[in-house]
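Me: Please present the structure, so that the questions below can be followed beside it.

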Amino acid sequence: MRELSLHILDIVQNSLEAGATHITIEIDEDLAEDRLTIRVIDNGRGMDAETLRRVTDPFFTTRTTRKVGLGLPLLKAAAEQCGGRLTIQSAPGQGTTVTAEFQHSHIDRAPLGDMPASLMTILLAEPPVEVRYIHRVNERRFELDTRELREALGDVPLTHPKVRQWLYEYLRQGEAGLWDVEPAGADQTLPGNG
Amino acid sequence: MPKIKSIEELQKLREEAQKELKIRTDTGTVITVGMGTCGIAAGARETMHAILQELNKRQIDAHVKTVGCIGMCVHEPLVDIEQAGMGRITYGKVTPERVPRLIEEHLINGRVVEEWVVARMDAVK
């Protein structure tokens, strides 16, 4: 995939298919250590040892759980071609943690890409899921917790047009603040076609 | 530099949104975008954002949500449009380029874009 944010969206879809109600997404960019680490932690149904052993085999597929297919093999290949690795911890009833590590400066590392767009897609998921998002770049940090948002919103859903507009702006500002840049496409109220 | 947004702003938004919530729930439109691996690979994230952009540009109130794979992967990106009393139409291969016409025909002119329909469910009478 052309952006790591699309891989993240894909891995989170696995969590949703596994019945997760809470998902934590961590992105840690440590430029001094030249490391980019992406971690997705869910409280879904988890996988048994046999499924876990075969889950990065692209030709192993059981569409009943949707925990397999091309998503994880593609992320594994992306990490390994950048001097990194993919690790998965999972057990039935214990949820799943997927960790992908990359050499930050590696020439073959895909850009993180449009994280606000991926997050919006996750936040508009049906049925709704609680998401905790933490993106660190060196000492800086941007965090979002949907429980905090829902508390502020009461019975107004995140899918409300006014709310989603606000959310997208909030995400763009938060991400841009990690890098001292103006939010991308600041002349638009919503993103373009990619 | 724009003003930094804070969570407190959401509470103000909540009051505004609550006033309109009932009307929107009763008569509103729900647009659903399939977001399985198949959808993502076919560009569904970009399709969803094109939809949000078009709705915003035309000042149309509609709920937009995403779901996992709903089958018919070959037709991804898949977009469902459901309107109260008008049933549910599933459109296939909805690329970002097709979004403006889809919104204009279906939501503004009230005409189904027949050549892009892959499934439909009539309204419950």
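Reply: Buried means under 20% relative accessible area, exposed means over 50%, and partly exposed lies in between (1.4 Å probe, protein chains only). This is a predicted model, in which local features need pLDDT of at least 70 and side-chain atom pairs count only at pLDDT 80 or more, while totals for chains, interfaces and linings use all residues. Residues are numbered from 1 along each chain as its sequence is written, chains are lettered from A and ligands numbered from 1 in the order in which they are written, and side-chain values use heavy atoms, with hydrogens and water left out.

Me: What percentage of the 125 residues of chain B count as buried?
Reply: The surface of chain B may be considered beforehand. Chain B exposes about 6400 Å², of which carbon and sulfur atoms supply 53% (Shrake-Rupley method, 1.4 Å probe; for residues, only the protein chains shown count as cover). Of the 125 residues of chain B, the share that counts as buried is 48%.

Me: In what order do the elements of chain B run from the N terminus on?
Reply: Helices (H or I, at least four residues) and strands (E, at least two) are DSSP runs, numbered from the N terminus. Chain B has four helices and five strands. From the N terminus on, their order is α-β-α-α-β-β-β-α-β.

Me: Which strands are the edge strands of the open sheet in chain B?
Reply: Two strands pair if DSSP finds at least two bridges between them. The five strands of this open sheet follow the order E2-E1-E3-E4-E5 (chain B), and their pairing is mixed. An edge strand here pairs on one side only, and the two are strand E2 (63-67) and strand E5 (117-121) of chain B.

Me: Which residue in E5(B) stands opposite Arg88(B)?
Reply: Strand E4 (residues 87-91) of chain B is joined to E5(B) by four bridges, and the two run antiparallel. Across this pairing, the residue in E5(B) opposite Arg88(B) is Met121(B).

Me: Which helix of chain B packs on the sheet?
Reply: Contact means heavy atoms within 4.5 Å. The helix touches strand E1 (29-34), strand E3 (79-83) and E4 of chain B, and its direction makes about 20° with that of E3(B) (axes are lines fitted to C-alpha atoms, for helices over the stretch in contact; angles run from 0 to 180 degrees between N-to-C directions). The helix is H4 (residues 99-108) of chain B.

Me: In which element of chain B is confidence highest?
Reply: The pLDDT is the predictor's confidence in each residue, from 0 to 100. Chain B has a mean of 84, and 88% of its residues reach 70 or more. Confidence is lowest in helix H1 (residues 7-27) of chain B, at a mean of 71, and highest, at 93, in H4(B).

Me: Which residue is the bridge partner of Ile23(A) in E5(A)?
Reply: Strand E5 (residues 130-137) of chain A has six of its eight residues buried. Strand E1 (residues 22-30) of chain A pairs with E5(A) in the parallel sense over eight bridges. Within E5(A), the bridge partner of Ile23(A) is Val131(A).

Me: Which residue in the turn between E5(A) and E6(A) has a positive phi?
Reply: E5(A) is joined to strand E6 (residues 140-145) of chain A by six bridges, and these strands run antiparallel. The two form a hairpin with two residues between them, and the turn residue with a positive phi, of about 50°, is Asn138(A).

Me: Why does Thr97(A) count as buried?
Reply: Thr97(A) lies in strand E4 (residues 96-103) of chain A. Not counting residues up to four places away in sequence, Thr97(A) touches Arg39(A), Val40(A), Ile41(A), Thr87(A), Ile88(A) and Gln89(A). Thr97(A) counts as buried because its relative accessibility is 16%.
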